[in-house]
Amino acid sequence: ITLRHPQVVTKLNLPVNDRAELTVKVVARNATAAPVRGTLRGRAIVTHTEGGRTSAITLEKDVALAAGESREIVLSPAEVPELRLANPRLWWPAQYGEPALHDLELELVVAGATSDRATARFGIREVTAERTPSGLVYSVNGRRILIRGAGWTSEMMLRYSTERFEQEIAYVKDMGLNTMRLEGKLEDEPFFDIADREGILVMLGWCCCDH
């Protein structure tokens, strides 16, 4: 069984934000021609606002997949009460606060052996939008934010470079921006990791020139 696309989704008690409910998701795929049973195990390391205290949340769930099946595995606060947190450090966009990140580690164990592992750094944040007479207004963690962004163009030959990502996202912040809109082409994973770390929002999915 392989693990792909680990994700942590946040629900805050807006606008106080002193509590958060996290939902952990990961896609599991059985690459064999027979049914497989295993156990998803892991932990989330979360930092809190009071004195930099950290807590380790233990995760475990039995998984059964049919031959060739892919399915999103979900661990909710109803199944893991520790996913209900008090006073976690939140992720904020640039100019609005610190983009605090936390760590998620997952492994899928089959017959006593690790079949696959997945890790992710995640922000505890809730993004919402509302339509007003003057347009669409975005809020992060219940606070309205001003989208200050520009178009991001990939390197012409789509040669991914972590060094280039670091340098150009530094330019983005130096210009006082907090958002990048991708010009239709998705970037490599380090691009999104750096954007998360630097508090930069990314708008993606508008592709005007190909299908």
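1. Which residue in the turn of the β7–β8 hairpin has a positive phi? Alanine 111 is the one to look for, with a phi of about 55 degrees, and the hairpin leaves two residues between its strands. Before you go hunting, keep in mind that this is a predicted model.

2. Now the overall picture. The protein has two helices and 14 strands, so expect to meet a lot of strands below. Its C-alpha trace spans about 55 × 45 × 35 Å along the principal axes. There are 211 residues, and 39% of them count as buried. Take the contacts with a separation of 6 or more: 59% of these are between residues 24 or more positions apart.

3. Start at the beginning of the chain, with β1 (2-12). This strand runs antiparallel to β2 (residues 19-29), and nine bridges join the two. If you want a pair to click on, valine 9 stands opposite threonine 23 in β2. The two strands form a hairpin with six residues between them. In that turn, asparagine 17 has a positive phi of about 65 degrees.

4. Next, follow β7 (residues 102-110), which has partners worth tracing. Seven bridges hold the antiparallel pairing of β7 with β3 (residues 36-47). Here alanine 44 has leucine 104 of β7 as its bridge partner. Strand β7 also pairs with β8 (residues 113-122), again antiparallel, through nine bridges. Leucine 108 is matched there with aspartate 116 in β8. This β7–β8 pair is the hairpin from the opening question.

5. There is also an open sheet of three strands, in the order β9-β10-β11, with antiparallel pairing. Its edge strands are β9 (127-132) and β11 (143-144), each of which pairs on one side only. Two bridges link β10 (residues 135-140) to β11 in the antiparallel sense. One residue pair to find is serine 139, whose bridge partner in β11 is arginine 144.

6. Let's pick a single residue: is leucine 65 buried or exposed? Leucine 65 is buried, because its relative accessible area is 2% and the cut-off for buried is under 20%. You'll find leucine 65 in strand β4 (residues 54-65). Leaving out residues up to four places away in sequence, leucine 65 touches Ile1, Ala28, Arg29, Asn30, Pro35, Val36 and Arg71. For a sense of scale, try glycine 184: the C-alpha atoms of leucine 65 and glycine 184 are separated by 35 Å, and the two residues are 119 apart along the chain.

7. On to helix α1 (residues 162-174), which has 13 residues. From first C-alpha to last, α1 reaches 18 Å, close to the 18 Å expected at 1.5 Å a residue. Which of its residues are buried? They are Arg164, Phe165, Ile169 and Val172. Looking down the axis of α1, you see the buried residues fall within an arc of 120 degrees, so they line one face of the helix. Here's the textbook background: an α-helix has 3.6 residues a turn, so residues three or four places apart point the same way. Over on the other side of α1, Glu163, Tyr171 and Asp174 are exposed. The cover over the buried residues of α1 includes β12 (149-152), β13 (179-182) and α2 (189-198). Just after α1 comes glycine 176, with a positive phi of about 80 degrees.

8. Helix α2 deserves a similar look. Its buried residues are Phe191, Ile194, Ala195 and Asp196. Among the elements covering them are β12, α1, β13 and β14. Glycine 199 follows α2 and has a positive phi near 80 degrees.

9. Finally, the largest pocket. It holds about 1200 Å³ of space, and 32 residues line it. Nearest its centre lie Gln7, Arg121, Arg125, Phe192 and Asp196. You've already met Asp196 as one of the buried residues of α2. Which element supplies the largest share of the lining? That is α2, with seven residues. At least two lining residues come from each of β1, β8, β10, α2 and β14 (201-203).

Conventions: Residues numbered from 1 in each chain as written. Predicted model: local features only at pLDDT ≥ 70, side-chain atom pairs only at ≥ 80, totals over all residues. Heavy atoms only, no water. Pairing = 2+ DSSP bridges. Helix = DSSP H or I, 4+ residues; strand = E, 2+ residues; numbered from the N terminus. Expected span 1.5 Å × (residues − 1). Buried < 20%, exposed > 50% of the residue type's maximum accessible area, 1.4 Å probe, protein only. Arc of directions from axis to C-beta. Contact = heavy atoms within 4.5 Å. 1 Å grid on protein atoms, 1.4 Å probe; cavity = no way out; pocket = protein on both sides within 12 Å on 5 of 7 lines; lining within 4 Å. Points joined across faces, edges and corners; volume = space filled by probe spheres on them.
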